[in-house]
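Q: Please take a close look at the aromatic rings that pair up here, and then tell me about the packing in the rest of the chain.

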Amino acid sequence: MEGRRRKSNSKAAADESSSLKASDAVPLPVYLTNAFFFTVFFSVYFLLLRWREKIRNSTPLHVVSLSDIAAMVTFVGSFIYLVGFFGIGFVQSIIIPEDDEDEFERLMVKEDSEKLPCAAAPKSDDLKIAKKIELTADDEEIIKSVVEGKIPSYALESKLGDCHRAAAIRREALQRITGKSLEGLPLEGLDYESILGQCCEMPVGYVQIPVGIAGPLLLDECEYSVPMATTEGCLVASTNRGCKAIYASGGATSSLYRDAMTRAPVVRFGSAKRAAELKHFLEDPLNFETLSLVFNSSSRFGRLQSIKCAVAGKNLYIRFSCSTGDAMGMNMVSKGVQNTLDFLSNQFPDMDVMGISGNYCSDKKPAAVNWIEGRGKSVVCEAVIQGDIVNKVLKTDVASLVELNMLKNLTGSAVAGALGGFNAHASNIVSAIYIATGQDPAQNIESSHCITMMEAVNDGKDLHVSVTMPCIEVGTVGGGTQLASQSACLNLLGVKGANKEAPGSNARLLATIVTGSVLAGELSLMSAIAAGQLVKSHMKYNRSNKDVANIKS
Ligand code: ADP
């Protein structure tokens, strides 16, 4: 009940503050035309007075003067306008289902109303998890049909109406078709309801990735226990050691200096001149307000920040950047882009939209545009590590670290022609946190862009270390973040779900935690290399003692 009340209040507030429509972008503001037609609608009052006068004077009603005709025309015109304007909206609101944002909000409120105290984990029997399914004789028939190709594997869920049974049947059919055992790939415990229609199709099980904890990470005067999902031995231990050095030195400080997800469609014209004309139009500051009204009307959270265009002959690549609240934002930015392209096609009817994504975005691919312009959240994080802590905790010294950083992360990366890879192993930490917290792991490509700087300070006694990461792409709503285990990891960090008071601050905090953890990882690995320990520790923690050659295939 409380949850519902909160929802309606917040929805009303949100509606009031941001009920923008594409019609806001027309040259004459809608409120002016509404006011005009409302005023002329009251010509009906004049008509009524005239009719009363005619009845009193026994004048026939059909005898009309010029002013009567004018009043009738304005009354009929305004009546048609008002019915069109308000009537269409009313009818639509009855027949059109709620949009996906409202649906999401409803799910969020449902979740909120069942919310446990902040730090409490949900009880396992509360989760709608798959129990072990015993296959029956009826199921045997279905398995045979799948094996023979009579029932497509993807149709099992909709045919059976029981997702867990469908997955068990698919799994059994797969084993028979391939002749390979899936023993070891668990199915029991899969939270199928949560992945359905959102995270994975045609499931047959799930892969277990252990989650280790590094920390406490002391960042901006708060302590965080950082969950890292990895199968690389040493990684969590090493990051933990970096956290220890940062903690002992008084903590790290972060600054988020940009927050904007990007999407860049490619459009084509009959000539390069026309492509350049659209570039001028889009980058003209005078047009920004209109374009952002159109763009922003697609979401309560997506807010256009900038537009940058690149011309290639007759083609134009338009890189829209937009803040996306607590969502990582790819869907949100794409919706805004679609709205804007629809609007532009009226202004530039000869524009052909070739693709909503033209790779100038650039999503999940190494690209200089991300490294230079940033994508998602751009964060810089720094710490001063005292010389004695460098000696005691990191088992090396300041001068060796500074020299190695220059030779390896700066010069070595330049020699290798690196693109955003001026670091020791940022992607190790980024990927492990991304997997634990339900981010899109493929985005580790640009999210791991990082330059690590090290400098001797305080007369060479202490170490100033920083990581600058321009493309951290994280969200705390949407995608894999709502799955039970990933959501528990977000909860551990205090950034679970949407932040109702300050939308976007959960995702921004998560981005700073990622950089703080990368700082810890960089410190520790660089120290291990400087001290010549790397091979030794990897032999100890990262290499299996089992006889690999004897593991059966
Ligand atoms: P993405 O754009 O990252 O792919 P989604 O498509 O899942 O993510 O969009 C996020 C959804 O969450 C939208 O429907 C949006 O309205 C909803 N939402 C609720 N609260 C927030 C919030 N604080 N920040 C961003 N989105 C939110």
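A: Let's begin with the rings and work outward from there. Please keep in mind that this is a predicted model, in which local features need pLDDT of at least 70 and side-chain atom pairs count only at pLDDT 80 or more, while totals for chains, interfaces and linings use all residues. Residues are numbered from 1 along each chain as its sequence is written, and side-chain values use heavy atoms, with hydrogens and water left out.

Across the whole structure, a search turns up seven aromatic pairs; rings of Phe, Tyr and Trp (its six-membered ring) pair if their centres lie within 6.5 Å, and planes under 30 degrees apart are stacked, over 60 edge-to-face, and the rest tilted. Some of these pairings link Phe 41, Phe 42, Phe 75 and Phe 79 into a cluster. Phe 41 and Phe 75 form a tilted pair, because their ring centres are 5.6 Å apart and their planes meet at 40°. This pair bridges distant parts of the chain, with Phe 41 in helix H2 (residues 30–41) and Phe 75 in helix H4 (residues 66–95), 34 residues apart. Helices here are DSSP runs of H or I with at least four residues, strands are E runs of at least two, and both are numbered from the N terminus.

Phe 75 also pairs with Phe 79: their centres lie 6.2 Å apart and their planes are at 35°, so this pair is tilted. Phe 75 and Phe 79 share helix H4, where they sit four residues apart, about one turn of the helix. How accessible are these rings? Phe 41 is partly exposed at 23% relative accessibility, as is Phe 75 at 24%, and Phe 79 is partly exposed at 44%. The cut-offs are under 20% relative accessible area for buried, over 50% for exposed, and partly exposed in between (1.4 Å probe, protein chains only).

Elsewhere, the largest nonpolar core has 51 residues, and those with the most contacts inside it are Met 228, Ile 246, Ile 385, Leu 463, Val 465, Val 518 and Leu 519. Such a core is a set of buried Ala, Val, Leu, Ile, Met, Phe, Trp, Tyr and Cys residues joined through side-chain atoms within 4.5 Å. Helix H20 (residues 505–530) supplies the largest share of this core, ten residues. Apart from this core lies another, of 24 residues, including Leu 291, Ile 318, Met 330 and Val 333.

Met 330 is also one of the residues touched by Asp 363, along with Arg 375, Gln 443 and Glu 446, leaving out residues up to four places away in sequence; contact means heavy atoms within 4.5 Å. Asp 363 lies in the loop between strand E7 (352–355) and helix H14 (368–373), and counts as buried because its relative accessible area is 14%. Its side chain makes a polar contact of 3.0 Å with that of Gln 443.

How far should you trust the coordinates? The chain averages a pLDDT of 87, and 83% of the residues score at least 70, pLDDT being the predictor's confidence in each residue, from 0 to 100. Over residues 1–22 the pLDDT stays under 50, and over residues 95–99 it is below 50.

Definitions and conventions. Polar contact = N/O pair within 3.5 Å; in protein donor to acceptor, adjacent residues only side chain to side chain.
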